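Work through the exercises below with the sequence and the coordinates at hand. Each task is followed by a stepwise solution.

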Amino acid sequence: MIVVMRVGATEKEIAGVVQRIEDTGLKAHLSQGAERTIIGVVGQIFPELQDMLEILPGVEDVIRVSKPYKLASREFHPIDTIINVGGVSIGGKEVVVMAGPCAIESEEQVIETARAVKSAGATILRGGAYKPSTSPYSFRGLGRVGLELLAKAREATGLPIVTEVMAPEDVELVAEYADILQIGARNMQNFNLLVEVGKTTKPVMLKRGLSATIQEWLLAAEYILAQGNNQLMLCERGIRTFETYTRNTFDVSSIPIIEKVSHLPIIADPSHGTGKWYLVTPMALAAVAAGADGIMVEVHPNPDSALKDGAQSLTFDNFRRLMAQLQPIAEAVGRRLAAPQEKCLR
Ligand code: PEP
Ligand code: MN
């Protein structure tokens, strides 16, 4: 349920409504726009609540939210969420580019890649230290050592880092190093993990599950928001369909859908979305044209010898070409690419 306050409602009137909501054991979430304040109500809504709130001073309207996800919905929170990641804004006018290897393999590999992607214009470094892996025999990441190497790469380049956390018990450790905690596709419905990252104040990027509907994805987002962490962005990374030519079917349409139904920033990952390096650039361009707030792309110094996801990784040259093509697309849709910072503000 949302309470729409009148334009010019006073602080006292707003506080009165919040108090009334909390007195009934429900939670109130304030969304203060330039014009008016909207108060979201979550919890077990009872039938008399609407009448109770409608009569309070300063209230213009009380509306039931029809969607099963509340905190993630635009009805509830009409204003775009903008997340600050070490000084980089995600969800505003600028399009951010996250780039780096699938997995951290060595100090040389991650630092060389971080320098190359930064000089091409990337704003955030990606890289996995804890790798989800379909086969138990493939590379599963360097773990804590990988996190330390990522921190060195941040130190060397000033790029904030996004890295995956796979288990609730690792959240504390990964949060010490990461600037964005990534929840991978395979863990989109690992509810204990969602609750754990929801308890932190770190920005989180929630990837769409392998075969998750948009509604299931937003309900997973709701788990994180309900814990109080509103520094949340979503990431479209392709879904499983009958098509086998590509690794996944990259659902470009989910980008404008998320923008319509949710206030959360939406990032696109055309690397996992396609599985083939030569499809990454066209799908990255399509994603930004469709309104993505950022892209996440795998880049490797030598994709042929990558320990993971070499087939979908761009070389440094291909990444530079992608960046050159991305700028005019961003401008065509009224955006621009964010410039890399000298230092990550932590
Ligand atoms: C990744 O980003 O490295 C990754 C494993 O992606 P996903 O969870 O989308 O498969
Ligand atoms: Mn990968």
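The exercises cover a metal site, salt bridges and one helix.

The model is predicted, so local features need pLDDT of at least 70 and side-chain atom pairs count only at pLDDT 80 or more, while totals for chains, interfaces and linings use all residues. Residues are numbered from 1 along each chain as its sequence is written, chains are lettered from A and ligands numbered from 1 in the order in which they are written, and side-chain values use heavy atoms, with hydrogens and water left out.

**Exercise 1.** Identify the residues that coordinate the manganese ion (ligand 2), and state where Cys 102 and His 272 lie.

Step 1. Collect the donors, which are N, O and S atoms within 2.8 Å of the metal (3.2 Å for Na, K and Ca); water is not among the atoms, so sites may look incomplete. The manganese ion (ligand 2) has Cys 102 (SG), His 272 (NE2), Glu 298 (OE) and Asp 309 (OD) around it, at 2.0 to 2.4 Å.

Step 2. Write the spacing of these donor residues in sequence: C-x169-H-x25-E-x10-D.

Step 3. Locate the pair, with helices (H or I, at least four residues) and strands (E, at least two) taken as DSSP runs numbered from the N terminus. Cys 102 sits in the loop between β7 (94–100) and α3 (107–119) and His 272 in helix α9 (residues 270–274), so the pair ties together parts that are 170 residues apart in sequence.

Step 4. Check burial, where buried means under 20% relative accessible area, exposed over 50%, and partly exposed in between (1.4 Å probe, protein chains only). Cys 102 is buried at 2%, and His 272 is buried at 8%.

**Exercise 2.** Find how many salt bridges the whole structure has, and examine the pairs formed by Lys 118, Lys 207 and Arg 208.

Step 1. Apply the criterion: a side-chain nitrogen of Lys or Arg within 4 Å of a carboxyl oxygen of Asp or Glu. The search returns 16 salt bridges.

Step 2. Lys 118 pairs with Glu 342, with the closest N and O atoms 3.9 Å apart. Lys 118 belongs to helix α3 and Glu 342 to the segment after β15 (336–337), so the pair ties together parts that are 224 residues apart in sequence. Lys 118 counts as buried at 16% relative accessibility, whereas Glu 342 counts as exposed at 66%.

Step 3. Lys 207 pairs with Asp 269 at 2.7 Å between the closest N and O atoms. Lys 207 is in strand β11 (residues 204–207) and Asp 269 in the loop between β13 (266–268) and α9, so parts 62 residues apart in sequence are tied together. Both Lys 207 and Asp 269 are buried.

Step 4. Arg 208 meets Asp 251 in a salt bridge (2.9 Å, N to O). Asp 251 is buried at 16%, and Arg 208 is buried at 4%.

Step 5. Look for linked bridges: Arg 154, Asp 179 and Arg 346 form a network.

**Exercise 3.** Determine which residues of α1 are buried and what they pack against.

Step 1. List the buried residues: Ile 14, Val 17, Val 18 and Ile 21. They cover an arc of only 95° around the axis (from the directions from the helix axis to the C-beta atoms), which puts them on the same side of α1.

Step 2. On the other side of α1, Lys 12 and Asp 23 are exposed.

Step 3. Take contact as heavy atoms within 4.5 Å. The buried residues of α1 pack against β1 (2–5), β2 (27–32), β3 (37–42), α2 (49–54) and β4 (59–63).
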